[in-house]
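Student: I would like a close look at one place where two helices pack against each other, followed by the wider setting of that part. Please give cut-offs for the terms as you go.

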Number of protein chains: 2
Amino acid sequence: MGPLDELRFRLAEGSDLRLAAGVLGWDQRVTMPPRGTDSRAEQLATLGRIAHERFVDPEVGRLLDACEPLVEGLPYESDDHSLVRVTRRDWEKARRVPTGLRTEMTREAARGHHAWVEARRTNDFASFLPYLRTNLELKRRYVECFEWSDSPYTPLLDDFEPGMLTSEVREVFAVLRPALTEIVASAPEIDASFLHGDFPPERQRAFAERLIASLGFDASSWRLDPTAHPFCTSFSNRDVRLTTRYQPDDLESVWSSLHEAGHGLYAHGIADTLLRSPLAGAPSLGVNESQSRTWENLVGRSRPFWEHWYVPLQETFPSLDGVELDTFVSAINRAEPSLIRVDADETTYSLHIILRFELEQELLEGTVALDDLPEVWNARMKEFLGVDVPDDAHGVLQDVHWSSGSLGYFPTYALGNVISLQFWQVVCDALPDLDAQLAEGDPLPLSHWLRDNLYSLGRKLTPKETIERLTGSPELDPGPYLAYLRDKNAALTT
Amino acid sequence: MGPLDELRFRLAEGSDLRLAAGVLGWDQRVTMPPRGTDSRAEQLATLGRIAHERFVDPEVGRLLDACEPLVEGLPYESDDHSLVRVTRRDWEKARRVPTGLRTEMTREAARGHHAWVEARRTNDFASFLPYLRTNLELKRRYVECFEWSDSPYTPLLDDFEPGMLTSEVREVFAVLRPALTEIVASAPEIDASFLHGDFPPERQRAFAERLIASLGFDASSWRLDPTAHPFCTSFSNRDVRLTTRYQPDDLESVWSSLHEAGHGLYAHGIADTLLRSPLAGAPSLGVNESQSRTWENLVGRSRPFWEHWYVPLQETFPSLDGVELDTFVSAINRAEPSLIRVDADETTYSLHIILRFELEQELLEGTVALDDLPEVWNARMKEFLGVDVPDDAHGVLQDVHWSSGSLGYFPTYALGNVISLQFWQVVCDALPDLDAQLAEGDPLPLSHWLRDNLYSLGRKLTPKETIERLTGSPELDPGPYLAYLRDKNAALTT
């Protein structure tokens with residue numbers, strides 16, 4: 001074996017271990033008997049430890065040294081150049097964190113998560129505070145393992161948005177925040193009462209399966225299961241697992257399913273040649289999220305899409321019989337400030353994110369004390385969204401992320417919104433008949449365009465390289481997203 | 001860490017890897033989208049390779065050398081003495097097989113399995129023959145890695161029944177064969193037509209869940225899923241996965257579920273202190289099978305059991321309303337020669353096994369040529385069971401085992417029958433009120449006795465040590481099994 005084959009073999013093994021851990025994680029959330037938890041945690045810890053040990057092995061560095069001259073002349077986007085380049089970046093980053101710190105982070109993340117579940121249930125922030133403090137302290141130590149130019153927050157952000165600077169995100173959010181506040185303030189009041197009613201879960205399930213099957217998945221390559229918290233994962237581009245949640249009194253499963261299907265189409269579209277390698281993924285959470293948002297919102301809340309699907313929906317749920325298509329489309333696009341991020345509409349959602357992004361930086365830098373967090377949270381919610389937080393369970397304790405010390409993750413959701421519209425402009429230029437195609441129930445031209453121009457590239461490019469490849473410029477640009485929201489709100493039928 | 005802790009840590013990691021592979025295997029058979037097959041095979045191969053490499057590491061031998069003096073004075077059945085003793089045996093055995101041969105066996109097993117699926121579908125033994133030849137040749141090379149005293153078949157048997165000799169099994173089967181033939185010949189003809197009818201799968205499922213929940217599992221520690229081929233696996237003693245098959249026109253799922261629940265109770269009963277170690281299992285397939293047979297047959301076809309459960313069964317399936325309890329019990333206990341092993345009744349089943357056991361030895365020794373196998377099979381089926389084999393799909397191609405070169409596995413099924421009755425005698429002495437308890441729907445005294453006296457020991461003892469521990473003698477004894485069958489057939493109501 002030459003060094004390139006040897007590198008590929010080692011990375012394929014690492015990929016198998018991570019995918020195996022993925023299967024264990026899916027099983028834990030979807031099918032595992034609850035009392036299997038402790039053993040599952042051990043199994044996952046072992047897989048993670050072995051994969052990490054094998055990856056940070058100095059031998060990988062020697063192989064990279066030997067491979068770099070071999071791929072030098074190849075095109076930047078070739079599989080081999082990308083493999084060596086991206087692996088070098090991953091390897092250098094992984095080696096900076098001492099094993100002891102990594103182990104401690106894993107253990108405290110699990111402890112923090114347990115404490116959070118209980119604290120949220122009992123609305124008891126004080127009981128969660130020591131765990132949050134420990135996890136935050138570990139994150140500070142983690143940040144110290146890296147060099148950063150603009151903000152200590154950048155190494156955290158970089159885990160999810162490789163190469164993105166905190167200052168760049170700040171700039172985007174500085175434009176978004178006042179604009180979103182203004183859009184929300186002027187949003188019309190919409191009657192959406194018909195979206196609450198009697199929607200039998202079994203019918204929701206059948207409808208969601210039918211929707212997803214139409215989006216461009218190959219048959220026998222995906223499945224949809226019910227879970228408490230919807231998510232998507234995959235163990236190859238032909239083994240895509242979507243989950244959703246069926247509430248008997250609303251239709252949220254429709255958009256939750258489309259959202260996860262967007263992630264799923266990304267995984268499904270990754271080129272076969274990238275399987276079993278570190279390139280079999282998306283460039284970042286933000287770019288990945290741009291596609292879940294695309295399918296959930298840009299497609300799944302659009303009038304053309306429902307021109308095709310509204311009659312099947314009415315046939316499935318007769319209580320919608322008297323509701324006009326335009327009324328329905330307005331209701332599913334309305335903006336309305338609320339307390340809970342995961343329930344937020346498309347317009348207010350990014351405000352929930354900006355609030356968290358700012359707080360995370362302040363916590364990291366120590367300018368907001370942990371003890372004051374609930375108070376600050378509640379004041380900001382009033383300031384950003386005009387809502388009063390009744391208790392911490394519906395406030396600062398609502399999200400799982402901080403419980404395991406996951407800082408830097410939240411902004412990716414809002415970046416997903418921004419990027420989705422930057423890409424959507426390109427898509428609309430490339431597919432002038434898109435609206436007509438969606439209205440005919442044919443999303444395949446869209447699905448295939450995105451696969452060929454984005455999903456198939458896997459993780460070869462950084463987020464900014466990806467944005468540049470599609471739009472011609474590497475910059476994040478909140479303009480299209482804001483224009484879309486303004487247009488949409490203006491078009492709502494009250 | 002002392003050497004014992006270090007050994008435990010390494011073995012725990014190995015156990016985690018094997019259990020992770022188990023989760024991937026369960027998922028593959030129960031939930032995986034079909035097109036995930038190729039990637040799953042890679043993931044499983046990687047987990048198996050890494051687990052094997054880490055286990056056969058000479059460092060494990062050095063740790064065993066260091067641990068053996070430390071456990072010398074401990075009781076034979078203590079966790080630590082057992083761990084070192086059993087690991088030594090496993091390690092010596094694992095190291096005898098060169099990695100190259102092991103890899104080849106894994107690859108050809110997979111190829112053979114694929115070929116068999118197609119050959120069985122198209123009833124084409126010739127297309128399967130080259131794969132069978134390759135796998136048999138590899139088994140011969142595998143056997144050469146070991147020393148054996150009585151038969152080259154013993155190393156194969158030893159993979160499933162550690163320490164058991166081919167000659168010992170031959171002796172038992174030499175008693176069984178004529179006796180079973182005689183019992184079958186004199187078995188009364190029983191009308192069991194009411195066992196075929198309209199049995200809605202959803203009701204079968206609810207009934208199976210209800211049955212299983214009564215047997216002694218802790219809540220939230222098991223689940224039951226439908227599959228094409230019923231099986232049981234577990235990823236800790238609190239994460240037990242049972243599967244069964246619901247045919248809409250019969251009630252076989254009842255006994256298939258009880259069978260798998262028997263395996264499941266074994267896994268569930270393993271002592272917590274043995275988790276994440278090579279001792280977290282059963283002594284052998286035969287001993288494990290003795291318990292699936294116990295719950296399926298000795299409990300699940302007994303009159304006392306149905307004294308409690310027959311009314312609930314009739315309430316679930318009203319077509320049984322006019323059928324008397326005795327008529328029902330006779331029907332589920334009838335003996336009737338048939339073509340297919342997995343559909344065979346309790347009495348004829350072992351004859352299917354003895355046929356395979358003899359053929360396996362003859363194939364291995366070359367006294368039956370592979371080309372003649374279908375012919376020999378059909379002649380033996382006539383001789384053993386008096387049935388005419390219509391085609392190879394219902395003959396020599398019916399079982400999956402040989403497709404992946406699994407020789408030595410079949411006899412464990414019949415040993416399970418034999419051992420189950422040896423243990424049952426002890427159980428009946430220990431629990432004089434057992435029949436009354438079962439008739440009251442209370443199998444917990446039985447379940448707990450088996451857990452405390454057998455399941456909790458895990459894999460500490462060999463099969464023969466286990467038989468000795470329970471019965472006082474290490475010998476396999478077909479007497480109780482034959483007496484049971486004779487008594488049962490004599491009691492059938494025609």
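Tutor: In chain B of this predicted model, helix α14 (residues 349-365) and helix α15 (residues 373-385) have axes that come within 10 Å and cross at roughly 145 degrees. The axes are lines fitted to C-alpha atoms, for helices over the stretch in contact, and the angle runs from 0 to 180 degrees between N-to-C directions. The helices themselves are DSSP runs of H or I with at least four residues, strands being runs of E with at least two, and both are numbered from the N terminus. α14(B) passes α15(B) in a right-handed crossing, a crossing being right-handed if the near helix is turned clockwise from the far one by less than a right angle, and left-handed if anticlockwise. On the α14(B) side the meeting residues are L351(B), H352(B), I354(B), L355(B), R356(B), E358(B), L359(B), E362(B) and L363(B), and on the α15(B) side they are L373(B), V376(B), W377(B), R380(B), M381(B), F384(B) and L385(B); contact here means heavy atoms within 4.5 Å.

Residues are numbered from 1 along each chain as its sequence is written, while chains are lettered from A and ligands numbered from 1 in the order in which they are written. Local features need pLDDT of at least 70, side-chain atom pairs count only at pLDDT 80 or more, and totals for chains, interfaces and linings use all residues, with side-chain values resting on heavy atoms and leaving out hydrogens and water.

As for the interior, the largest nonpolar core has 122 residues, of which F173(B), W306(B) and F328(B) touch the most other members. Such a core is a set of buried Ala, Val, Leu, Ile, Met, Phe, Trp, Tyr and Cys residues joined through side-chain atoms within 4.5 Å, where buried means under 20% relative accessible area, exposed over 50%, and partly exposed in between (1.4 Å probe, protein chains only). Residues up to four places away in sequence aside, W306(B) touches F207(B), V254(B), W255(B), G300(B), R301(B), L313(B), L325(B), F328(B), V329(B) and I332(B). A second, separate core of 120 residues includes A331(A), L370(A), L434(A) and W449(A).

Chain A superposes on chain B through a rotation of 180 degrees with 0.0 Å of shift along its axis, at an RMSD of 0.0 Å, the fit being by least squares on the C-alpha atoms of residues with pLDDT of at least 70 in both. The two copies are therefore related as by a two-fold rotation axis. Since 100% of the interface residues of chain A are also interface residues in chain B, the copies meet through the same surface.

Turning to chain A, E104(A) sits in helix α5 (residues 99-122) and is partly exposed, because its relative accessible area is 25%. Beyond its neighbours within four places in sequence, E104(A) is in contact with L138(A) and R141(A), and its C-alpha atom is separated by 27 Å from that of T122(A), 18 residues apart along the chain. N123(A), in the loop between α5 and α6 (125-144), has a positive phi near 55 degrees although it is a residue other than glycine. S220(A), in the loop between α9 (201-213) and β1 (222-226), likewise has a positive phi, of about 60 degrees, and is not a glycine.
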